[in-house]
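Got the viewer open? Keep the selection tool handy and follow along, one stop at a time.

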Amino acid sequence: MANDQGSQLSPRQRFGRELSRVRKNAGLSQKRLGAHVGVSPSLIGHIELGNRSPSRELATACDEVLGTGDIFVRLYRNISTPAGPHWFLRWVEEIEPRARVLRSWNPLLVSGLLQTENYARAVFRGHLSTPDPEVEEQVRARMHRTLLLDLDNAPELWFLLDEWVVRRPIGGPEVMVEQLEHLIALTERRNITIQLVPVDSPCTDGLMSAFTIAELAESPTTVQIDSTVEATVSADPEIVSEIWSRYDRLRAEAYRPGESLAMIKKAVDQWTQQT
């Protein structure tokens, strides 16, 4: 099935839609917000409709007035210099930061939100045709995403990883030791659960792709499904239901969190012996 129509929004339209949502949640009219940020209410209206582009100064002012950190500055940055395809920008700017719960499955790699800088760099360098400056830009973007883990209102996070992920040599033994020790440290956080799925599991539902399920407080549950060329971001109930079913079947096969932690620690010892 095709992506949701919303995934085709331009960066300017995404800025406008998010501004409208946050403004209304804050109980501000366009007139009151305009007065706070020093522009006319009609300009706020045009920006929310996606008819006009905001300035950098306006984006900064919106973040300050609405208490949104740097969300609108980042959305503005995507208007001036888009940093990725529409589906990816929609996910990292609009869905992932607003999630109440994130549940993900990855059969090949440590999930992006859990990656260390060196592990991420090794992953991106694996694309041999990617120039080093672009690799570094991708690493910075990925590390920026991981700031989500340190927010006071960080979402509840459930990660399912194929058991082989902790054995796959990404970047070499030293990188793997650092990455797995990072996973161990993250499991100490009450909102993060990491479970491994046995390599000999009879469940084949996860072999086709990685995916993430985002439960949102004020929007329908949305899923991201990876593919070789372009991922799908969808809130279509039929697609969401199918991904939920796959997640449930995979989690039913997973080792318990304590068992998974013990296996990760064992893998650290094995990689350490190779350093």
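Below is a short tour of this predicted model, with something to select at each stop.

**Stop 1: colour by confidence.** Start with pLDDT. The protein chain averages 88, and 92% of its residues are at 70 or more. Now select residues 1-7, where pLDDT stays under 50. The model does give this stretch 19 contacts beyond four places in sequence, but where pLDDT is low, the predicted coordinates should not be read in detail.

**Stop 2: the sheet.** Switch to cartoon and pick out the strands. You should find an open sheet of 6 strands, ordered E3-E2-E1-E4-E5-E6, with mixed pairing. Go to the two edges: E3 (192-197) and E6 (232-234) each have a single partner strand, so one side of each has no neighbour in the sheet. Look along the sheet and you can follow a twist that averages 10° from one strand to the next.

**Stop 3: the E5/E6 pairing.** Zoom in on E6 and select E5 (residues 222-225) with it. These two strands pair in the antiparallel sense, over 3 bridges. For a landmark, label Val223, which stands opposite Ser234 in E6.

**Stop 4: a residue in E1.** Next, select strand E1, residues 99-106, and show Ser104 as sticks. Is Ser104 buried or exposed? Its relative accessible area is 5%, so Ser104 is buried. Expand the selection to whatever touches Ser104, skipping neighbours within four places in sequence: you'll pick up Ser111, Trp158, Phe159, Leu160, Phe211, Thr212 and Tyr247. Hold on to Tyr247 from that list, as the tour comes back to this residue.

**Stop 5: the helix across the sheet.** Select H10, residues 237-253. This helix lies across E1, E2 (156-162), E3, E4 (211-216), E5 and E6. If you draw axes, H10 runs at about 110° to E4.

**Stop 6: an aromatic pair in H10.** A search of the whole structure turns up 2 aromatic pairs. One of them is Trp244 with Tyr247, an edge-to-face arrangement with centres 6.2 Å apart and 90° between the planes. Why are these two about one helical turn apart? Because they sit 3 residues apart in helix H10.

Finish by colouring the pair by accessibility. Trp244 is at 24% relative accessibility and therefore counts as partly exposed. Tyr247, by contrast, has a relative accessible area of 2%, so this residue is buried. Tyr247 is also one of the contacts of Ser104, which takes you back to strand E1, where Ser104 is found.

Methods
Residues are numbered from 1 along each chain as its sequence is written. This is a predicted model: local features need pLDDT of at least 70, side-chain atom pairs count only at pLDDT 80 or more; totals for chains, interfaces and linings use all residues. Side-chain values use heavy atoms; hydrogens and water are left out. pLDDT is the predictor's confidence in each residue, from 0 to 100. Contact means heavy atoms within 4.5 Å. Helices (H or I, at least four residues) and strands (E, at least two) are DSSP runs, numbered from the N terminus. Buried means under 20% relative accessible area, exposed over 50%, partly exposed in between (1.4 Å probe, protein chains only). Two strands pair if DSSP finds at least two bridges between them. Axes are lines fitted to C-alpha atoms, for helices over the stretch in contact, and angles run from 0 to 180 degrees between N-to-C directions. Rings of Phe, Tyr and Trp (its six-membered ring) pair if their centres lie within 6.5 Å; planes under 30 degrees apart count as stacked, over 60 as edge-to-face and the rest as tilted.
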